[in-house]
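Could you walk me through this structure while I have it open in my viewer? I am new to it, so please tell me what to select at each stop and what is there.

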Amino acid sequence: MTADVWLPIPAEEIEGLPEGFNYRFWDGAPGGGDDGGDGSRDYPADPRDCVFYVVPYMRPASVKIEPMLAMPAVRVVQTLTAGVDDVLGTVSRLPAGVQLCNARGVHEASTAELALTLTLASLRGIPGFVRAQQTGTWQSGFRPALADKSVLIVGYGAIGSAVEDRLVPFECARVARVARSARDTERGPVHPISALPHLLPEADVVILTTPLTPETRGLVNAGFLASMKDGALLVNVARGAVVDTKALLAEVENGRISAALDVTDPEPLPPGHPLWNAPGVLISPHVGGPTSAFLPRAKRLVVAQLNRFAAGEPLDNVVLTTG
């Protein structure tokens, strides 16, 4: 029997897919038809026949993992997100030899673009201008520029590198880089996380692009924030749980630092949460990835990975192989 591949994008909309598979479209949307009114989802085929599962994008974790444990033949779980924390626990319960791959190469452009947007908007006071426009108020004033600022990128992987690419024309005084372990790059050294206490007091802007792992959960805690200089800006395009929300609120409410957050903890941020109205905080609703840049890059990734899989070649972006 021909093996099944589950795709969240219709196969007829993707050029270059290899032959030899049954392509099943499933994007995690609530099923229609006779579902008993319980919101259950109609699968396109028996999950037991799926060998390559491309995880639906922008669906709750419960939806993404719903069919996974019913896929005993699955060999690859390919996410369309850079982070895999929401599916990692379920993939770890699958049979030995299953490869979990992330979407490195898909979101760098969009996420880095948003990181710069949030940085510039916060520094130049764009939220205040929007509020003033709504009341017809001409509200001028002196604002900081990104030029001559020192920027620290925490989580110097593909997205962190893409952020630095976009910082180049802004005449920053310095860009420092931090990752799990030290290494050298063409642009300069990448420092280990242990160097943060020495780097944070020098940074005017701290941009978080690190994945959420047990080591980075709560990394930006009271001590981290206290080490930031007065007037510094924290930009989070990583995961909400990298930042201790209570500790952040304490710092922004006294006006010592400001923040621009594409992700929060909790998320979605509920109505009435103090972050919504905290002084100096700009919030976007986790929109780093979903832009017009997503679909063409996602298609290219899926095609490349499936052609490697069909040819028996090593896959890219392997985060975990179950054992």
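Start by selecting Phe52. In this predicted model, Phe52 is buried, with a relative accessible area of 0%. Now add Phe309 to the selection. The two rings make an edge-to-face aromatic pair, 5.3 Å from centre to centre and with 70 degrees between the planes. Phe52 belongs to strand 3 and Phe309 to helix 9, so this pair ties together parts that are 257 residues apart in sequence. Is Phe309 buried or partly exposed? At 22% relative accessibility, Phe309 counts as partly exposed, because the cut-off for buried is under 20%.

**The sheet around Phe52**

Next, colour strand 3, residues 50–54, together with strand 1, residues 4–7. These two strands pair in the parallel sense over three bridges. Look across from Phe52 and you will find Val5 standing opposite. For a little background, strands of a sheet pair through backbone hydrogen bonds, either parallel or antiparallel.

Widen the view to take in the whole sheet. Six strands form an open sheet here, in the order 2-1-3-4-5-14, and the pairing is mixed. Which strands stand at the edges? They are strand 2 (22–25) and strand 14 (318–321); each has a single partner strand, so one side of each is left without a neighbour in the sheet. Ignoring direction, neighbouring strands in this sheet are turned by 20 degrees against each other on average.

Now show helix 9, residues 294–311. Helix 9 lies across strand 1, strand 2, strand 3, strand 4 (76–78) and strand 5, and runs at about 160 degrees to strand 3.

**More rings**

How many aromatic pairs does a search of the whole structure find? The count is eight. Select Phe21 and Tyr23 for another of these: the ring centres are 6.1 Å apart and the planes are at 65 degrees, so the pair is edge-to-face. Phe21 counts as buried at 17% relative accessibility, while Tyr23 is partly exposed at 23%. Then pick Trp6, Trp26, Tyr43 and Tyr53, which ring pairs link into a cluster.

**A proline in a loop**

Move on to Pro95, in the loop between helix 2 (85–91) and strand 5 (99–101). Pro95 is partly exposed, with a relative accessible area of 35%. Leaving aside residues up to four places away in sequence, Pro95 touches Pro72 and Thr322. To cross the model, draw a distance from the C-alpha atom of Pro95 to that of Thr264: the two are 33 Å apart, and 169 residues apart along the chain.

**The other sheet**

Here, select the strands of a second arrangement. Eight strands form an open sheet in the order 8-9-7-6-10-11-12-13, again with mixed pairing. Strand 8 (183–185) and strand 13 (281–283) stand at its edges with a single partner strand each, so one side of each is left without a neighbour in the sheet. From one strand to the next, the twist averages 20 degrees.

Zoom in on strand 12, residues 258–261, which pairs with strand 13 in the parallel sense over three bridges. Where Ala260 sits, its bridge partner in strand 13 is Leu282.

Two helices are worth showing next. Helix 3, residues 108–124, packs on the sheet and touches strand 10 (205–208), strand 11 (233–236), strand 12 and strand 13; the direction of helix 3 makes about 150 degrees with that of strand 11. Helix 8, residues 245–253, also packs on the sheet, touching strand 11, strand 12 and strand 13, at about 130 degrees to the direction of strand 12.

Stay with helix 8 for a moment. Its buried residues include Leu248, Leu249 and Val252, and what covers the buried residues of helix 8 includes helix 7 (222–227) as well as strand 11, strand 12 and strand 13. At the start of helix 8, a side-chain oxygen of Asp244 comes to within 3.1 Å of the backbone nitrogen of Lys246. Just after helix 8, Gly255 takes a positive phi of about 75 degrees.

**Last stop: the cysteines**

Finish by selecting Cys101. Cys101 is buried, at a relative accessible area of 0%. The closest cysteine sulfur is in Cys50, 13 Å away, which is too far for a bond. A search of the whole structure finds zero disulfides. Cys172, at 18% relative accessibility, counts as buried too.

Note on methods. Residues numbered from 1 in each chain as written. Predicted model: local features only at pLDDT ≥ 70, side-chain atom pairs only at ≥ 80, totals over all residues. Heavy atoms only, no water. Pairing = 2+ DSSP bridges. Helix = DSSP H or I, 4+ residues; strand = E, 2+ residues; numbered from the N terminus. Axes fitted to C-alpha atoms, helices over the stretch in contact; angles between N-to-C directions. Contact = heavy atoms within 4.5 Å. Disulfide = S-S within 2.5 Å. Buried < 20%, exposed > 50% of the residue type's maximum accessible area, 1.4 Å probe, protein only. Polar contact = N/O pair within 3.5 Å; in protein donor to acceptor, adjacent residues only side chain to side chain. Phe/Tyr/Trp six-rings, centres within 6.5 Å; stacked < 30°, edge-to-face > 60°.
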